[in-house]
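Here is a short briefing on one protein model. It covers a helix pair, a nonpolar core and the surroundings of a ligand.

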Amino acid sequence: MTASTLFPPDAAAAYERDGAICLRGAFSADWVELACQGIERNIAQPSPLFRNLGTPDGGFLSDMWGRRYIPEFERFCMESPAAAIAAQALRSNPVRLVQDTWFNKLPGASARTPWHHDTAVAGPFCSIWVALDPTPRNASLEFVAGSHRWGGTLMPRSYFSGDGDAAERFYTEFHGDAGREESGFGQVPDIEADRGAYDIIGWQLEPGDCVLFDARTLHGAPGNHLERPLRRFVTRWITEESVLSPHGRDVIGALAAAGLHADLEVGKPIRGPLFPVITVTPR
Ligand SMILES: O=C(O)CCC(=O)C(=O)O
């Protein structure tokens, strides 16, 4: 499948307007299988960044930047259609992989992934969230359409209340409060309390379908009420113009604590081997 059939012109317009689109069948069964094998290997060999964000009723597992030592992830990141999709979304070739990560919401993990947006990067920044299991609409990542154009930096609600479960705390800690004065800092509205007031979009997904989203589009996901795990593999992409945002300052510390070298500075382009550049060959 070529990049152009993966991402037709009407999808490009929807991506600009809504900040999130669904691309059906973007990843073949072989890519899905490879990502699942990578997750198994990663669970057996967790990095210092491995987390269980779950509630006592079920796990919500995740790790980040596994590509460095998980060969399945390295191949997925370098050879799957992900880079071509990112190149079209960001209108840039080459593109730079800023993070690979995965989530496995185990049966019974009732807590939502809290509504948040991703604030570590300023400038072009998108994520490709690939469903690895059949995912009904009521368990799938969902978005507030158009919220990528709201501006400012919105923090999960637990940041202000000091409570929240492990997933809320993770999003709070990961984004931190560095640079709050510089970035139009505010609170994510209580979307769950008034869902009808927002244009919430999301899709039922089969393995290999993906959602492509501007990282600034507010997103969150319901708990897993099924009797099987719900796995997703996510790659995040930037361009040579993207810079580390003031909130990205906290990522520098998190990477250093995990023993990962990254030559990062707020306001400066993101470079170095942890964030490889990929040139997409037109097909
Ligand atoms: O899959 C999830 O529950 C969370 C995904 C997410 O927040 C992200 O990829 O930015």
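**Helix pair**

Helix 3 crosses helix 4 in a left-handed sense. The model is a predicted one. The notes below start with this pair, then turn to the core and the ligand.

- Helix 3 spans residues 29-44, and helix 4 spans residues 71-79.
- Their axes come within 7 Å and cross at roughly 145°.
- On the helix 3 side, the contact is made by Trp-31, Leu-34, Ala-35, Gln-37, Gly-38 and Arg-41.
- Helix 4 contributes Glu-72, Phe-73, Arg-75 and Phe-76 to the contact.
- By class, this contact has 5 nonpolar, 3 charged and 2 polar residues.

**Nonpolar core**

- The largest nonpolar core has 70 residues.
- Ile-85, Ala-86, Cys-210 and Leu-212 have the most contacts inside this core.
- Helix 5 (residues 82-90) gives the core its largest share, 8 residues.
- Leu-212 touches Ile-85 and Ala-89, among others.
- Further contacts of Leu-212 include Tyr-15, Ile-21, Leu-23, Cys-126 and Ile-128; residues up to four places away in sequence are not counted.

**Around the ligand**

- Nonpolar residues around the ligand include Phe-103, Trp-129, Leu-141, Ala-221 and Val-234.
- Thr-113, Ser-127 and His-219 are among the polar residues there.
- Asp-118 and Arg-232 also lie around the ligand, and both count as charged.
- The class totals for this shell are 5 nonpolar, 3 polar and 2 charged residues.
- Strand 7 (125-131), strand 13 (219-221) and strand 14 (230-238) each supply at least two residues of the shell.

Note on methods
Residues numbered from 1 in each chain as written. Predicted model: local features only at pLDDT ≥ 70, side-chain atom pairs only at ≥ 80, totals over all residues. Core = buried A, V, L, I, M, F, W, Y, C linked by C-beta atoms within 7 Å. Buried ≥ 20, exposed ≤ 12 C-beta atoms within 10 Å, placed from the backbone. Helix = DSSP H or I, 4+ residues; strand = E, 2+ residues; numbered from the N terminus. Contact = placed C-beta atoms within 7 Å. Near = placed C-beta within 6 Å. Axes fitted to C-alpha atoms, helices over the stretch in contact; angles between N-to-C directions. Left-handed = near helix turned anticlockwise from the far one by under 90°.
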